[in-house]
Structures are given as structure tokens and as C-alpha cells.
Amino acid sequence: MPHKVISLISVGRHPQSGRSRRADQDSRAVELGLKLAGTDLDVVHAGSSEEPVLRQYAGMGLPKVTVLEQAESADALPAISSYLKTQQADIVLTGVRSESGESSGMTPYLLAEQLGWPIVARVADIVEVKDGEAQVLLALPRGQRRQVTVKLPFIASIDNAAEAARQSAFGPGLRAKMEAQSGSTEEDSVRVNWSEAPAKARPKRLKVVKAKTAADRFKAATAKPQGGSGKVMKNESAQEQAQAIFDLLIEEKIIR
Amino acid sequence: MVIDWLPSILIVALLLIGVVGMLRRSSLWRAGRPEKVNIIAGLLAMPGRYFKDLHHVVERDKYMANTHVATGGGFVLSMVLVLVVHVFKVEQQIVAWALLAALLLMLVGAFFVFKRRLNPPERLSKGPWMRLPKSLIIFALTFIVLTLPAAGVLPEGTGGVALIAVLSIGVIIGLGELLFGMGWGGPMKHAFAGTLHLAFHRRPERFGGGRSTGLKPVDLEGDVLGVAKPSDFKWNQLLGFDACVQCGKCQAMCPAFAAGQPLNPKKLIQDMVVGLAGGTDANYAGSPYPGKEVGNAKGGPNEIITAGLVSQETLWSCTTCRACVEECPMMIEHVDAIVDMRRFLTMEKGETPNKGSEVLENIIATDNPNGYAPGSRTNWAADQNLAVMKDKKEVDVLFWVSDGAFDMRSQRILRAFVKLMKAADVDVAILGDEERDSGDVARRLGDDATFQSLAKRNLATLGQYKFNKIVTTDPHAYHCLRNEYADFDKDGALAGVEVLHHTTFLNQLVQSGALKLDAFKGGKVTYHDPCYLGRYNGEYEAPRDLLRSLGIEISEMERSGFRSRCCGGGGGAPITDIPGERRIADMRMEDASATGAELVAVGCQQCTAMLEGVVEPRPEVKDISEILVDQLVEEVH
Ligand code: SF4
Ligand code: SF4
């Protein structure tokens, strides 16, 4: 039995020009979806069906895009979650975080909560789906991977380490059908109160490397940071663990 | 007696079969997409195009030009007179003598064709083409003997039945090649298809010394973008392919072929013929695509070309240098065909190879191929004190900077040019961050949608301002602005504006005395013609004039002017980067080194980048504006 796969897409934003584009992680989610389900893949967007960026996704070879038609100020979450509840999907793929809007990275988590499904974060690849289970590769720093087995259905957020999206072709993109359904009218109350401003570059901590040779410098640049001051807290109470994190954030002047 | 009539019957029969073949062949072309041509005007113009334009190209090879006039002219004349004498039986001796003269002319021509075919150069196709001179000779000889009685040289009935039988065989062989073969795909097909191709050429502007090099826009509403199957070509493009005589002049000039990349323009055109007629390339008797065996290609009018007829690498190897088009005696348009097929691969399949898709995505998102922030486009000019159009609104010269703005090497060329303009007190401004990529690369990579969008947006920006000239240091942008934007310029943003390459403009300044230059004291200098300046725009002289004005005596490369060899940088070739045995830029640098030059003068940032990428030791590479700026006599104001 083929599995039903759904990829969620949003309007991305080019880091240099600020122009709308297909979002990097979302298009990787479409790429992975195409690998798993071919053109049976259901690609879903909550927003306007007139949005030109949807054509860029469709140019990857999608015959149609499902659009949950709603105003820009409306919250995407209720629309998507009620759509998913009607779909009997096995796998839902999203980006880790969107490139525009709140960009909180919460969408997959909130969806998982509402559906009562497990979530696998930062997925690099889904190797196999068989007998109600999927073999999933998680992306870890420095190109490392961890393989986990997840029961269907689940939500996966797709990491930048996943297969890059294929080229978008203009013709098929232009001809793809935008299948509009009504979305939600619920206003995104959090977002409405936000104001957007260009981000300032965050100061980076200088890594002082006292290397004498090129080989040492190379090692320093590539080696895993040996977190000397870190500690693993397994047996402490949640209260203590939270306190430790809070103290660290203060110490690092991230919150004051 | 029946036997006396045999030759005449054969003539009529072969003529009829030939005509049926020709009608069938025309129906193959008509499978192509419709394209309006002026049939009457085309047919009327045809003889002129043949004698002037086609022969202008053929004449580069004097031997072949004379041979062809004798053979072709002799044949056409003989054929008409054969009908008069042997079919309609006009019994005037003078006509028969005229026929004899025509046949003799043809015989002489055919003899020289035969001679060339004794030891043919590699570029020529063999196979049926080897048989052609013999068939021509048999035709001429047969009809000479057949006509002697009518001319009164021999009594009627000489030789009796035996001779008539022998002559009839001659008629079958000769006319079989010339009439039957013409209609049914033999080598002589070129005469029939070639004639019509000249009449219905897709770029009639090319005749009478004109130039037409801009690509034709894609109708983005169409149901297939670009060419997927042979039947997606315009009908007169198919006709053009059929006119190929397999002379291989294109192959001999093609830089990609010489570099051992899997492209041979002649084979490509022949594959198109296979496609339009249906079948395989098993009968192709010329040089292959380097590294690919002949015989495996299969196609038909309604089959996808890249699924078995031509491989994708072949299409992506082309630098769009137009050397093949320039050299083709049949005026076939290779580059149009290649870009048409690329359009399908990019816009329908999304299969632009290597860096292609990344570059296109960058152009779409940032209006420049490397994805730099559009707001940093004018950073190079921070210290140049250049006026910006947004503030000036009206200016004499608009300097189109092009994407060289983002590249440190190209910026040196830009600065040199600005300095020269300042020295000549030119009233100049730039668009600054309002400028966008010209769309050249996107278009050559087959993404006409992106090209059109850039062209329209650039034109909208240009339309807000007033200027008399646009000058650019980039021949690719120059070509787009001058030859390709007009198709989208609904509001006349460029109407009445002179589009100039910086060498042309600088030459005007030097000639008018606005620039004072010292004599050049370096060593030997050679000049490399950029394809998009020379073959695309016919500007060969201004750069040379400029060098001469410095007292430089140019040591020309063997391939210069309209025969200049590409640097390998055009058509997105460095982006698609199809492997070969050698690099085109290395070969061009060898051409330059062979002249003993210490300096290669160029007029293009892309050529500069390609040629400077060649490992040392090699001559130095400089843009003409950089050479000039070093000799500038600065007056203290
Ligand atoms: S395409 Fe033109 S130049 Fe090339 S072989 Fe044919 S006729 Fe000759
Ligand atoms: S345009 Fe240049 S590279 Fe392309 S086929 Fe013709 S000669 Fe070869």
C-alpha cells in the first residue's frame, strides 16, 4: 500500500535580496516527499492561491498544490491541522523554521501536539517506510547522522542537510493547478502585535586559537568543540535543570 | 520504335517520381509549427540571395565556388534544355548546341568535384556524397552522346539499339541521382531544399549584407516551451536543416568540437534531419560527436529529441559563438536550434546541468548570477564619483555597468573606462542599484521566462530616464540591449537611443580628439575578437582602430575577425561545464601565443576572465580600456 505523504510549504525569503522565493527547507521537504510518494505527494500551503512563489514549488514537477485559502493575517496552524485531520496522512514533512513571518520553528511541534503524533526534528533523509514504521536519518552537527525508527504517522521537520531541491521548471510550474479550499479565519493574534525590523548581526564569540602550525589551526577549525565547562544533568529534578539553563543564559548575557 | 523513345520516357518518369518525392519531403517540413513567411517575396528574392549572399560565403573557398557555379549552373541549364530537346522534341540545332555547351560546363565542374573527392578533407561527409561526382559525370556524358544526333554531329540512329540501351542506363543513373535523389533524400536534396530555404529563411534580414543575431522570444503561454520534438521547430527551421550539404565547414570552426566536447554542429544538423524524417543515424558518414559512436541515435518527428536522438551534453557544450552559422554556406541557424532545445530542457524539464540551476535561481532571486545582495551592485563605484540616473534623470551617455560590477577583475576594466570618460569630459551616469542582469546568461541557458522578465524590468527602469546613448563594456549586455530588447520594448524606452560597445564609443572619442593618448611602448600585441562583439554585432574595426591609434601594429591571429575562435566563455558554457579533452580557452591562448604577442587585447570581461584563467607562461591579457588608460595624457585643468 502506498503511503500518503504531505509536504507543507511556505513563502520563503532570499537572505540577500529579501525577495520571496521557495523556502530552502520547505523545498527540501517537497524533494523528500517526491522521493517517497512521487507525484502522489500532496503539497499544502496555507495562504493565497495567487502567490507566485507557489509556482516555483510546482515547477519541481507537482501537478497540483492544495491551498488553504486564507488572509495573510490569519494563523496557518488551525487550517493546516484541520486539513490534516481529514487526510489520514502517514508522513507530514515541514521545514525546521520558516524564512518569513514569525519563523519560530513551532509549526511542526504545535501540529504534532494537536494531532497527537510524534515529531522527528531535523531529518536528513527517510530511508525506508515499511510495516507501519519508517527508518529516519537525523542530521547531527558536522555531517553526522543518527538513525531512528519511527512509527507512522509522524511529523518530520527537514534539515538543510537533506537532499537539495531539484530545479524548478517554469512551464510545469505555470500549468500546475492550485486547488483552493477554505482555510481559517482565525487571526494570528501573536503576529499582529509584532513589528518587523531588519536583524542586527549578533556578536560572535571569538575563539582564541593558539595554534602554531597550519595543521593545528586546521584541527582547531574543524574539531568538535570540547565543551570543557559543560555538564550533563540527568538525575537532577526538572527545576534544577531549568535553573542551570537559566543561570547559563544570564552568564552569557543572552538574557538580562 | 519504342526503344528510341526509351530515354524520353525515362526522363519523364524519373522527373515525375522526383516531383512526388519532393512533395512528400515538403510534407515532412510542414509537420513543424507554423511561421509566417512572405511566399511570393521570398521566391522572388531567392535568386538574388543565391547569387549574392550564398556565394559570398562560398567564395571564401574559391575552388569550390567556381566548381559549384559550373556544376550547378550547368546542371540547371542542361535540365531545362534536356526537356526542350528530348521530351518536347524541339528540333532546332541551335538549342541542341546550347544544351551541349551547358552539359560541357557541367562536365568540367563535375570533374573538379571528382578531384576534390579523391582525397577529401576530414570535415566532408563520405558515403553517398562520394558517389555524387561520378553520377554527375555519367549524367553529363550520357546526355552529350544523346544530344549529338540532334545537333547534327551524328546521324540519327547511330549505334542502334545497343547504344540506346547503354544510354538508357546512363539516364537512369544520372537522373536517378539528380531528380529521384533530389526528392527522395539523396545528396542532391540540398539543391531543392536549399533553394526553398533561401526563399523562406526565418531570418530574411540576413540577406543583402544584413545581420540578424538576436534570439527569437518564446511564447510563454504555449503548451510546450522550447523544442521537445522535431515537430516543435518552426517549419522553415526543419526546411533549413534539410538544406545541409554536409560540407563540415561548421565542424571545422566549432571550438567545442576542437576541444573534444561531445558536439559537432554538422552531426547535430544531420541528427535533426534524421529526426524530421524518422529513422537512425546509421547512414551518417561524417565525423561523430567526439567520444560518441555513430549509429545509436534514433528519432522521429514526434519523438523527444533528447530521448535517443541527441544527448543533453551535446546541447550544453555549445558556447553560442556563432562560428558555425557564420561559416555555413547554406545559412543554417545552428544556434537558434540549440537554444530552442535547451529551452525545453530548462523550462519544461528543469534539467540545466551543473551550476546552471543555481545560477538561474540566483538570477531570479537577486538579479545577478552569483546571488549577491542587489543593494551592493554599486559598491565598486564608491570612490568613482559617478552620477546616478535616479538623481540626474537626463544625461548624454548612460553607462551600462553589467554584472562585472560584482567581480574584482572586471571592476578594473570598469574603472579604466570611467577614467577615460572623465578625461574626455563625457556627460555620463549609471543606473546604480536599479540596474539588473541583462538576462544574457539566462536566455542562453534556455530560461527565456527569466530573460523576458529581466528585459521588461530593465526597460521599465530605462524608460524613466532620458539619454542619447547607452555604452557598455560587456558585449553580452550590448547584444541584449541592442538586438534582443526590442521585442519587449512596447513603450519605446530605447527608441532613438544609440547602443554602443565601449570600444566603439572610445574610438569616437579618440577620433574626435577628445582623448589624448601617448604611443604604446610595450611589445607585440594581438587582438581577440569577442564573439558577441564581432560575429553578433559586426564590430571588428573600432577596437583595432583604437590599438592603431596608440601606434600598435596588431599581430593578427590566424583566426581573427569573423573567423575568431571563441574563448569558451559564452552561452553559459563555463556554468554547464561539459567535459572535453581540452579547454577552449587554452586553445585560444595557443592561437595568441603563436603570434609571438606579449599582450592580448580584448574587449570583454568574460574573455578576460577566460583567457586569464589559462596557466602561465602566457601573454598578458588586458581590456582595451585598460591599455588606453595607461597611455592617457592627463591634462591638468
Ligand atoms: S550545417 Fe552548413 S556548414 Fe555545416 S555541414 Fe551543413 S551546410 Fe556545411
Ligand atoms: S555556436 Fe560555436 S560552439 Fe556552438 S555549435 Fe556553433 S561553432 Fe560550435
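Colleague: Why is helix H20 (residues 475-484) of chain B described as largely enclosed by the rest of the structure?

Modeller: The model is a predicted one. A residue counts as buried when its relative accessible area is under 20%. In helix H20 of chain B, eight of the 10 residues are buried, so the helix is largely enclosed by the rest of the structure. Those buried residues are B:Pro475, B:His476, B:Ala477, B:Tyr478, B:His479, B:Cys480, B:Leu481 and B:Glu484.

Colleague: Against which elements do the buried residues of H20(B) pack?

Modeller: Their partners in chain B are S4, H18, helix H19 (448-462), S6, S7 and helix H25 (605-612).

Colleague: Which residue caps the N-terminal end of H20(B)?

Modeller: The cap is B:Asp474. One of its side-chain oxygens lies 2.9 Å from the backbone nitrogen of B:His476.

Colleague: Strands S4, S6 and S7 suggest a sheet; what is the strand order?

Modeller: The sheet in chain B is open and has five strands, ordered S3-S5-S4-S6-S7, with parallel pairing. An edge strand pairs on one side only, and here the edges are strand S3 (387-388) and strand S7 (498-501) of chain B. Inside the sheet, S4(B) and strand S6 (residues 466-472) of chain B pair in the parallel sense over six bridges. B:Glu394 stands opposite B:Lys466 of S6(B).

Colleague: How should one read the aromatic pairs, and how many are there?

Modeller: Two rings pair if their centres lie within 6.5 Å, and the angle between the planes then gives the class. Over all chains, the structure holds 14 aromatic pairs. One of them joins B:Phe399 and B:Phe417 edge-to-face, at 5.1 Å centre to centre and with 75 degrees between the planes.

Colleague: Which parts of chain B does the pair of B:Phe399 and B:Phe417 tie together?

Modeller: B:Phe399 lies in strand S4 (residues 394-400) and B:Phe417 in helix H17 (residues 408-423) of chain B, so the pair ties together parts that are 18 residues apart in sequence. Both B:Phe399 and B:Phe417 are buried. A stacked case is the pair of B:Tyr532 and B:Tyr536, with 3.9 Å between the centres and 10 degrees between the planes. B:Tyr532 and B:Tyr536 are likewise buried. Elsewhere, ring pairs link B:Tyr63, B:Phe111 and B:Phe112 into a cluster.

Colleague: Which charged residues lie over the faces of B:Tyr536 and B:Tyr284?

Modeller: B:Arg322 lies over the face of B:Tyr536, at 5.6 Å from the ring centre. For B:Tyr284 the residue is B:Lys267, at 5.3 Å from the ring centre.

Colleague: Turning to a single acidic residue, is B:Glu435 buried or exposed?

Modeller: B:Glu435 has 3% relative accessibility and therefore counts as buried. It is placed in the loop between strand S5 (428-430) and helix H18 (440-444) of chain B. A polar atom of the B:Glu435 side chain lies 2.9 Å from the backbone nitrogen of B:Val401. Apart from neighbours within four places in sequence, B:Glu435 is in contact with B:Arg377, B:Phe399, B:Trp400, B:Val401, B:Ser402 and B:Asn458. B:Phe399 in that list is also a member of the edge-to-face pair with B:Phe417.

Colleague: Which backbone features deserve a check, beginning with cis peptide bonds?

Modeller: For a peptide bond, omega is the angle to read. The bond from A:Leu152 to A:Pro153 is cis, with omega near -10 degrees. A:Pro153 lies in the loop between strand S9 (145-151) and strand S10 (154-158) of chain A. The bond from B:Glu616 to B:Pro617 is also cis, with omega near 0 degrees. B:Pro617 is found in the loop between H25 and strand S10 (620-623) of chain B.

Colleague: Which residues other than glycine have a positive phi, and where do they lie?

Modeller: One is A:Ser103, whose phi is near 55 degrees. A:Ser103 sits in the loop between strand S6 (91-95) and helix H4 (107-115) of chain A. With 22% relative accessibility, A:Ser103 counts as partly exposed. Another is B:Met331, with a positive phi of about 55 degrees. B:Met331 lies in the loop between helix H13 (323-327) and helix H14 (334-349) of chain B. Its relative accessible area is 5%, and B:Met331 is therefore buried.

Colleague: What does the UniProt record place at residues 11-186 of chain A?

Modeller: The unreviewed UniProt entry places there the feature "domain: Electron transfer flavoprotein alpha/beta-subunit N-terminal". Over residues 11-186, chain A is 26% helix and 34% strand, and the end C-alpha atoms are 19 Å apart.

Notes: Residues numbered from 1 in each chain as written. Chains lettered and ligands numbered in written order. Predicted model: local features only at pLDDT ≥ 70, side-chain atom pairs only at ≥ 80, totals over all residues. Heavy atoms only, no water. UniProt positions renumbered as here; feature names shortened; annotations may be inferred. Helix = DSSP H or I, 4+ residues; strand = E, 2+ residues; numbered from the N terminus. Buried < 20%, exposed > 50% of the residue type's maximum accessible area, 1.4 Å probe, protein only. Polar contact = N/O pair within 3.5 Å; in protein donor to acceptor, adjacent residues only side chain to side chain. Contact = heavy atoms within 4.5 Å. Phe/Tyr/Trp six-rings, centres within 6.5 Å; stacked < 30°, edge-to-face > 60°. Lys NZ or Arg CZ within 6 Å of the ring centre and 35° of its normal. Pairing = 2+ DSSP bridges.
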